Amino acid sequence: MPVCEADPWRLQYFEGLPCPENVFIPTEDGDAWQWFPQHRWVYNKLRIAETQGFACGPHGIGPSSFPVFSKPIFNLRGMGTGSRPLRILREYKSAQCPGHVWMPMFTGEHVSTDVAVVEGRARWWRHTVGEPIKDGMFDHWLVLAEQRPDIEAYGGNSIAAHLPDYTGMLNIETIDAKIIEVHLRFADQWPDLYGGRDWVAALVELYAQGQWNFTDFDRRDGYSVVLFGGHGLQYRHPPQDLIDEITKEWAWGPNVPMPDEGARTKMTYFRSTLVTGFPPPLTVPK
């Protein structure tokens, strides 16, 4: 198995491709933290802000102006948990807690970008935007065929300056083309939209040989649609003929595990299904 995958339904993207036994390709931040100690500093959101010259600081060092955005300095599981805007000094003082950082509250487009990097040089980019609903959830994501020159110029310069010896995949999150988070991995729910088996083969070569060889000649916008369900409800499994119709054009992840009881107390909904593909989103009957 070339990719170390925590979600069983995603194994369909990676099975059957040869990979040297000593090569480890992370899809989870916890694995990336352990396997790439030299570069794990990127999970420090305070340091990410400092490298870009942002006004920022840990709680206890107050901002000179408002609004600001507050988030955990480190959080490898549920990266956005505890994040919130702080609009006035009184709100900041009441919200102070250990291990959090404040930084500018950017208001532009929020983009998630996967980057293939060879010795600090960005060799491939793919950008994704989401349609938010509530409680940190998204109705769907759009994996864009188009380039984002502002993100690629700014991000490429930052990668070259601060990760000159890094080879592997990066996921960077930006708002208004400014970097707010960095992950030593890629978004593992979209390899089929990136280029399928050819893309995964290039991914293995990147980690095994330190080279990026992928001919990205058929880029198309791709959709990723998520289905959420509330706890304590009974659900009817979709009929097989509907699943067959959907999976003619879409990758289907119907067995996303429900969270354990401890996690349920913190979540209003759980994700039951993720469907990805190139056609416009389907209207699925209730």
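# Reading the sheet, the aromatic pairs and the cores

The chain of this predicted model holds 8 helices and 12 strands.

User: What do the totals for the chain say about burial, contacts and accessible surface?

Analyst: Of the 286 residues in the chain, 45% are buried. Among contacts with a separation of 6 or more, 68% join residues 24 or more positions apart. The accessible surface is about 14,800 Å², and carbon and sulfur atoms account for 52% of that area.

User: How should the open sheet of 4 strands be read, and what is its order?

Analyst: In general, strands of a sheet pair through backbone hydrogen bonds, in either a parallel or an antiparallel sense. Here the open sheet has the order 1-4-2-3, and its pairing is antiparallel. Strand 1 (57-58) and strand 3 (84-86) are at the edges with a single partner strand each, so one side of each has no neighbour in the sheet.

User: Which strands pair with strand 4, and over how many bridges?

Analyst: Strand 2 (residues 68-72) pairs with strand 4 (residues 100-104) over 5 bridges, in the antiparallel sense. Within strand 4, Trp102 is the residue opposite Ser70, and Val101 is the residue opposite Lys71. Strand 1 also runs antiparallel to strand 4, and 2 bridges join them. Trp102 serves as the bridge partner of Gly57. Strand 4 is mostly covered, with 4 of its 5 residues buried.

User: How is the geometry of an aromatic pair read, for instance that of Phe66 and Tyr92?

Analyst: The reading rests on the distance between ring centres and the angle between ring planes; planes under 30 degrees apart count as stacked, over 60 as edge-to-face, and the rest as tilted. The whole structure contains 17 aromatic pairs. For Phe66 and Tyr92, the centres are 6.3 Å apart and the planes stand at 50°, so this pair is tilted. Phe66 belongs to the loop between strand 1 and strand 2, while Tyr92 belongs to helix 3 (residues 89-95), so the pair ties together parts 26 residues apart in sequence. Phe66 is partly exposed at 26% relative accessibility, whereas Tyr92 is buried at 3%.

User: What is the geometry of the pair formed by Trp199 and Trp212?

Analyst: The ring centres of Trp199 and Trp212 are 6.3 Å apart with planes at 70°, so the pair is edge-to-face. Trp199 is in helix 6 (residues 196-209) and Trp212 is in the loop between helix 6 and strand 10 (222-230), so the pair ties together parts 13 residues apart in sequence. Trp199 is buried, with a relative accessible area of 0%, and Trp212 is buried, with 5%. Both residues belong to one aromatic cluster, whose members also include Tyr13, Phe14, Trp124 and Phe214.

User: Which residues touch the most other members of the largest nonpolar core?

Analyst: Those residues are Met169, Leu170, Trp199, Tyr207 and Trp212, in a core of 46 residues. Elements that give two or more residues to this core include strand 5 (110-118), strand 6 (121-132), strand 8 (168-175) and helix 5 (191-194). Helix 6 gives the most, with 7 residues. Leaving aside residues up to four places away in sequence, the contacts of Trp212 include Ala116, Val118, Trp124, Trp199 and Leu206. Another core, of 9 residues, lies apart from the one containing Trp212; among its members are Leu46, Phe54, Met103 and Ile180.

User: Where do charged side chains lie over the face of a ring?

Analyst: Arg47 lies over the face of Trp41, at 4.3 Å from the ring centre. Lys178 lies over the face of Tyr154, at 5.6 Å from the ring centre.

User: What should be noted about the backbone at Pro67, Asp176 and Ala177?

Analyst: Most peptide bonds are trans, and most residues other than glycine have a negative phi. The peptide bond from Phe66 to Pro67 is cis, with omega near 5°, and Pro67 is in the loop between strand 1 and strand 2. Asp176 has a positive phi, near 55°, and Ala177 has a positive phi, near 65°. The loop between strand 8 and strand 9 contains Asp176 and Ala177. Asp176 is partly exposed, with a relative accessible area of 47%, whereas Ala177 is buried at 11%.

Terms used: Residues numbered from 1 in each chain as written. Predicted model: local features only at pLDDT ≥ 70, side-chain atom pairs only at ≥ 80, totals over all residues. Heavy atoms only, no water. Buried < 20%, exposed > 50% of the residue type's maximum accessible area, 1.4 Å probe, protein only. Contact = heavy atoms within 4.5 Å. Areas by Shrake-Rupley, 256 points an atom, 1.4 Å probe, with all protein chains shown as cover. Pairing = 2+ DSSP bridges. Phe/Tyr/Trp six-rings, centres within 6.5 Å; stacked < 30°, edge-to-face > 60°. Lys NZ or Arg CZ within 6 Å of the ring centre and 35° of its normal. Core = buried A, V, L, I, M, F, W, Y, C linked by side-chain atoms within 4.5 Å.
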